[in-house]
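Please open the model in your viewer and keep the sequence panel beside it, so that each selection can be followed in both. The tour begins with a helix and then turns to a sheet and what packs on it.

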Amino acid sequence: MTPQTDARFMALALMLGRRGRGRVWPNPAVGCVIVKDGQIVGRGWTADGGRPHAEVIALAQAGTAANGATVYVTLEPCAHHGKTPPCSDALIAAKVARVVIAADDPDERVNGRGIAMLRNAGVQVDCGVGNAEAVRDHAGFLSRITQRRPFVTLKLAGTLDGRIATATGESQWITGPAARRMVHMMRATHDAVMVGAGTVRADDPSLTVRGLGIVQQPVRVVVSRAMKIPATNQLAKTASDTPVWLCHGTGADVADWTAMGAISLPCAIVAKQVDPQAVMTTLADQGITRVFCEGGGMLAASLLNAGLVDQLVVFSAGAAIGAEGTPMLSAMGVDKLADAAQFALESVRPVGSDICHIWTKSCS
């Protein structure tokens, strides 16, 4: 295989892997392509719920054609016995000739063992093809393993002057239907959707994915120090159908919510608010790899101040409200520009009558 051929088949494996985003946690969304004599004989991606793994699905499709084939996989094949046997053993048993791996798996149960197993069995292993893309695609899983926190996308939507509501609290709808549909698509690619108590009280959101034919819904997370939110809203009423997790301070009264099916996850309090780092650690410990935060302003500001936002998605509508409107972000205590959260522009695109700009966390 030429480097160009390797890159082409790995790009397909990466594309397949992305189909599992938001559907496979706590496992990574892996893609796999099996090629023999220049033809694709098997392909797969991690199934909903995390099993079967991508390699197992692709091998089943390839059947005996896997013998002597080249396998392209976006993350190092697993090497441990969990609920299923190791994928490395499955590849060896199928007698594949070569495995091309985009990114290493830092999980201590794998971390090079999958590669070693393959090589010890006489399988040629080549690493690093499509590595940058794979690291990006697996950012949530890698972050959960190495930093004990999920990848965080913060979504903000407001007017040209950065307002999310009028002085009277009217906010529906600042952005148009195309932008709102795109938000539903983004929800679907994350394991959890998160909001603060103020958003629940003001908007009574359902936080589900609608209009896309999606069956598996993200976990809905509410962050609130005291949980002074009556259990009469859409989230509480549907908690027994679609998961609702409550990240709250110790001593908060959550009895009404848990009686309706919500899960209580006590977190530490810092400066009279739920510690955002504790929230992320708690979610990671539950297996969450990707979080989509939809506000409000106080929660968004706390995540930015804590350096926990990896990606910023901003929808801007062609309207202006003025200083009396509600700002996108609460006070952050930034006195110097050098202390402001910094992001690098990734993309800008029109979405209906609005503009969507996506920013990634700056390393500078």
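**A covered helix**

Select helix α12 and colour Gly-297, Leu-299, Ala-300, Ala-301, Ser-302, Leu-303 and Leu-304, which are buried. With these seven of its nine residues buried, α12, spanning residues 297-305, is mostly covered in this predicted model. Step just past the end of α12 to Gly-307, whose phi is positive, at about 70°.

**The open sheet**

Next, select the five strands that form an open sheet, and follow them in the order β2-β1-β3-β4-β5, where the pairing is mixed. At the edges you will find β2 (39-45) and β5 (124-127), each of which pairs on one side only. Looking across the sheet, you can compare neighbouring strands, which are turned against each other by 15° on average when direction is ignored.

Within the sheet, narrow the selection to β3 (residues 70-73) and β4 (residues 98-101), two strands that run parallel and are joined by four bridges. One residue to pick here is Thr-70, whose bridge partner in β4 is Arg-98.

**Helices on the sheet**

Now add helix α1 (residues 3-18), which packs on the sheet and touches β1 (31-36), β2, β3 and β4, while its direction makes about 145° with that of β1. Finally, select helix α2 (residues 54-62): which strands does α2 lie across? They are β1, β2 and β3, and the helix α2 runs at about 145° to β2.

Notes:
Residues are numbered from 1 along each chain as its sequence is written. This is a predicted model: local features need pLDDT of at least 70, side-chain atom pairs count only at pLDDT 80 or more; totals for chains, interfaces and linings use all residues. Side-chain values use heavy atoms; hydrogens and water are left out. Buried means under 20% relative accessible area, exposed over 50%, partly exposed in between (1.4 Å probe, protein chains only). Two strands pair if DSSP finds at least two bridges between them. Axes are lines fitted to C-alpha atoms, for helices over the stretch in contact, and angles run from 0 to 180 degrees between N-to-C directions. Contact means heavy atoms within 4.5 Å.
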